[in-house]
Amino acid sequence: MPQITNHMPTAELQALDAAYHMHPFSTGDQLAQKGARVITRANGVTLTDSDGNQILDAMAGLWCVNIGYGREELAEVAARQMRELPYYNTFFQTTHVPAIALSRRLAELAPGDLNHVFYAGSGSEANDTNIRMVRTYWAQKGKPEKHIIISRKNAYHGSTMGGASLGGMTPMHEQGGLPIPGIHHIDQPHWWAEGGDMSPEEFGLQRAQALEKAILELGEDKVAAFIAEPVQGAGGVIVPPETYWPEIQRICDKYEILLIADEVICGFGRTGQWFGSQTMGIRPHIMTIAKGLSSGYAPIGGSIVCDEVAEVINACEFNHGYTYSGHPVAAAVALENLRILDEEKIVETCGAETAPYLKQKWETLADHPLVGEARIVGMMGSIALTPDKASRAKFAADPGTVGFVCRERCFANNLVMRHVGDRMIISPPLVISKDEIDILIERAWKSLDECHAKIKEDGLMVAAS
Ligand SMILES: *Cc1c(COP(=O)(O)O)cnc(C)c1O
């Protein structure tokens, strides 16, 4: 067998991929027929594929490459750490410098008294940790019956049994016997799709009060925690109305419910501040982190835990952990990533300059005949595709049909923009420049034009009745 390299013809790589590689969230057979896109290298915000196309990655990989691709410093730190100490565990009363240093840095960066870090290999694993941690917390306090975790429909909290159970994605629950017991889902604050005749403010309040209703129905003494993304990401970049989070905070305080902010996307500058909790003005007891923590250069996630919860957990033996909890190479890479985000003022510049610039440009897309609303917080944005803006109508075609057409047009125009149903979403590297933002918007507009033309031709520009 010849060695597989970047120099092989694309079709050969695709055939090998189809023969041996199973893809996440894909229909394998369909993908095999079409051939997966092969990405060979990347720099800054730009991907190169095996045919030499230069593609603007407006998704930062999977929402994670916050500092952009191609940073030598991270490669160097990883190589150095691999030589010095490639692996050691943090079980059984041992530790190492990368885990110590990263933990202290995260405690400095995280708001309030979020001062303690439990590591995982990913966001999903960290949320599995959170399930066990909040239940153990209440059990240690003599309230083992306080075990239910309230989450939201259309939330994304990962793909493990625990993570996907916390998540509110119906197609995920349909496979593998989910959700696990003790998880309760309430409605999401998605005004565009579900707000009806209410104002966004009224609707935000109503959807927050759904939490109070659920607590009262389930029993205050049964509910351990509420988990939510400050801004829903994979659900379609759904920015909650301004009334939503203050009311959620009031309810969590009133009923002594632990608040878990899933910061896997929102953390590390994505919303224009270090954490989405700061942008949304909330005070979580636990934050889930991953993705931007290492800008995707190494797999690492974790939970940043407040003093009170850490104190209770530390008082018992917490029978939980992963072989790669606090992996030294991943921790060293994450620490270097945080240094760059801070010292190069990437979060600051994004919050003060590039994100406002992107917002102004992104919102012009709402003038496109196919676009109903354009929402954005920091560097995460979405647009709703609609056949009729005035009534916020859905398409008559199956959900996602039009979104898929639009995504295909984006690909053809060398822009990675994802679709969630009929919403198009972006989450570019935080280092994207104003010139690159202009290119992003230009390609998005062109793709929308082409999508619009195509769906008119196919008779899809029709509202659901
Ligand atoms: C991606 C994501 C996760 C899961 O992280 P993985 O590293 O893919 O396991 C959890 N929560 C949110 C909000 C995410 O976006």
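Start by selecting Pro 179, which sits in the loop between helix H8 (170-173) and strand S6 (183-186). Show the backbone here and look at the link to the preceding residue: the peptide bond running from Leu 178 to Pro 179 is cis, and its omega is near -5 degrees. Keep in mind throughout the tour that this is a predicted model.

Next, go back towards the N terminus for another backbone feature. Select Phe 25, in the loop that joins helix H1 (10-20) to helix H2 (28-34). Phe 25 is not a glycine, yet its phi is positive, at about 45 degrees.

Now for a pair of helices. Colour helix H4 (residues 72-84) and helix H14 (residues 328-343), and turn the view until you can see both axes. How far apart are the axes of H4 and H14, and at what angle do the helices pack? The axes lie 9 Å apart and the packing angle is about 150 degrees. Because of that angle, H4 is roughly antiparallel to H14. The crossing of H4 past H14 is right-handed.

Your next stop is an open space, the second largest pocket, with a volume of about 780 Å³. To find its centre, select Thr 90, Val 117, Phe 118, Asn 314 and His 320, the residues nearest to that point among the 26 that line the pocket. Then show helix H5 (97-109), strand S4 (114-120) and helix H13 (307-314), each of which gives at least two residues to this lining. Which of the elements supplies the largest share of the lining? It is S4, with four residues. Colour the pocket lining by residue class and you will find 14 nonpolar residues, 11 polar ones and one charged.

Finish with an enclosed space. Rolling a probe the size of a water molecule over the atoms reveals where empty space remains. How many cavities of 30 Å³ or more does a search of the whole structure find? There is one, and about 50 Å³ of space lies in this largest cavity. Select Pro 189, His 190, Trp 191, Trp 192, Ile 238, Val 239, Glu 373, Arg 375 and Arg 423 to display its lining. Helix H9 (191-194) and strand S11 (371-377) are the elements that contribute two or more residues to it. By class, the cavity lining has five nonpolar residues, one polar and three charged. As a last step, colour domain 1 (37-70 + 346-457) and domain 2 (73-343) separately: each provides at least three residues of the lining of the largest cavity.

Technical notes
Residues numbered from 1 in each chain as written. Predicted model: local features only at pLDDT ≥ 70, side-chain atom pairs only at ≥ 80, totals over all residues. Heavy atoms only, no water. 1 Å grid on protein atoms, 1.4 Å probe; cavity = no way out; pocket = protein on both sides within 12 Å on 5 of 7 lines; lining within 4 Å. Points joined across faces, edges and corners; volume = space filled by probe spheres on them. Nonpolar A, V, L, I, M, F, W, Y, C, P; charged D, E, K, R; others polar. Domains from an automatic or database assignment. Axes fitted to C-alpha atoms, helices over the stretch in contact; angles between N-to-C directions. Parallel < 35°, antiparallel > 145°, perpendicular 65-115°, else oblique. Left-handed = near helix turned anticlockwise from the far one by under 90°.
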